[in-house]
Amino acid sequence: EMYYGEMYSAYDVMFNLWLVSKEAKLRLAVVDAIGYMSHLMSTDRLEEITPRLVPMLSSLYKKHTDHFYITNSICMCLDAVQKRNPAILDPYIDVLMNSLHPVTCVPADFANPVTVKNHNELLRCFNVLARSYSDRVVAFCSQNWKFGTSVRE
């Protein structure tokens with residue numbers, strides 16, 4: 001609790017200045033840091049940043065081919081919010097699952113350990129969401145399996 005203010009100040013600089021950088025490596029490093037920082041923010045600040053953070057992190061899948069840091073950050077942010085006030089995620093559940101699902105359906109390349117780690121983090125994102133929204137996660141997965149939207153087909 002002592003560092004909530006400092007964490008938010010650092011987050012604000014990273015999100016508003018560094019995350020919009022043209023350098024891909026810097027953006028991925030910032031995304032990774034934001035995930036860790038989310039556990040060190042107050043519940044009020046998490047509630048405040050979630051409306052901008054979730055869409056931003058989800059949109060990065062289209063801009064980068066290295067998804068591990070993005071997925072890891074999403075998972076850490078989801079975990080931080082879920083532990084404090086899961087209701088904050090209500091408006092974003094569908095957006096998150098629709099962003100994560102296509103990436104999850106891509107088979108992991110077992111010759112490339114990073115893709116396996118990313119796949120595990122993707123599954124962990126669904127696990128974190130299911131802690132508070134099991135009905136919506138199960139309905140989403142059932143619907144997507146039912147209609148065969150898997151990339152593997």
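How far is the sulfur of Cys105 from the closest cysteine sulfur, and which residue holds that closest sulfur? The gap is 9.1 Å, and the partner is Cys141. Keep in mind that this is a predicted model, so every value here is computed from it.

**Cysteines**

A disulfide is a covalent bond between the sulfur atoms of two cysteines. The cut-off used here asks for two cysteine sulfurs within 2.5 Å, and at 9.1 Å the sulfurs of Cys105 and Cys141 are too far apart for a bond. Seen from the other end, Cys141 is in no disulfide either, with the sulfur of Cys105 as its nearest cysteine sulfur. Searching the whole structure turns up zero disulfides. As for its surroundings, Cys105 is buried, at a relative accessible area of 11%.

**The core**

Now for the inside. The largest nonpolar core has 44 residues, and the members that touch the most others are Tyr11, Ile34, Met41, Leu53, Ile74, Leu78 and Leu129. Six helices each supply at least two residues of this core: helix 1 (4-18), helix 2 (24-37), helix 3, helix 4, helix 5 (93-105) and helix 6 (113-146). Helix 6 gives the most, with nine residues.

Leu78 is a good one to click on. Leaving out residues up to four places away in sequence, Leu78 touches Leu89, Leu96, Cys125, Val128 and Leu129. Leu129 is also on the list of core members that touch the most others.

**The cavity**

How many cavities of 30 Å³ or more does the model have? The count is one, and its volume is about 110 Å³. There are 14 residues lining this cavity, and those closest to its centre are Leu53, Val54, Leu57, Cys77 and Leu78. Helix 3 (43-63) and helix 4 (68-84) are the elements that give two or more residues to the lining, with helix 3 providing the largest share at seven residues. In character, the lining splits into 11 nonpolar residues, three polar and no charged. Leu53 and Leu78 turn up here close to the cavity centre, and both are also among the core residues that touch the most other members.

**Three aromatic-ring residues and their neighbours**

His67 sits in the loop between helix 3 and helix 4. Beyond residues up to four places away in sequence, His67 touches Tyr61, Val103 and Asn118.

Tyr69 is found in helix 4 and is partly exposed, with a relative accessible area of 32%. Not counting residues up to four places away, Tyr69 touches Leu28, Val31 and Asp32.

Trp18 lies in helix 1. Is Trp18 buried or partly exposed? Its relative accessible area is 41%, which means partly exposed. Setting aside neighbours within four places in sequence, Trp18 is in contact with Val13, Leu26, Arg27 and Val30.

Here is how each of these residues pairs up with one further along the chain, C-alpha to C-alpha.

| Pair | Apart in sequence | C-alpha separation |
|---|---|---|
| His67 and Val103 | 36 residues | 8.7 Å |
| Tyr69 and Asn118 | 49 residues | 8.1 Å |
| Trp18 and Ser38 | 20 residues | 17 Å |

Two of these partners link back to His67: Val103 and Asn118 are both among the residues His67 touches.

Key: Residues are numbered from 1 along each chain as its sequence is written. This is a predicted model: local features need pLDDT of at least 70, side-chain atom pairs count only at pLDDT 80 or more; totals for chains, interfaces and linings use all residues. Side-chain values use heavy atoms; hydrogens and water are left out. On a 1 Å grid over the protein atoms alone, a cavity is a set of points where a 1.4 Å probe fits but cannot get out, and a pocket is an open set with protein on both sides within 12 Å along at least five of seven lines; lining residues have an atom within 4 Å of a point. Grid points are joined across faces, edges and corners, and a volume is the space filled by probe spheres set on the points. Helices (H or I, at least four residues) and strands (E, at least two) are DSSP runs, numbered from the N terminus. Ala, Val, Leu, Ile, Met, Phe, Trp, Tyr, Cys and Pro count as nonpolar, Asp, Glu, Lys and Arg as charged, and the others, Gly among them, as polar. A nonpolar core is a set of buried Ala, Val, Leu, Ile, Met, Phe, Trp, Tyr and Cys residues joined through side-chain atoms within 4.5 Å. Buried means under 20% relative accessible area, exposed over 50%, partly exposed in between (1.4 Å probe, protein chains only). Contact means heavy atoms within 4.5 Å.
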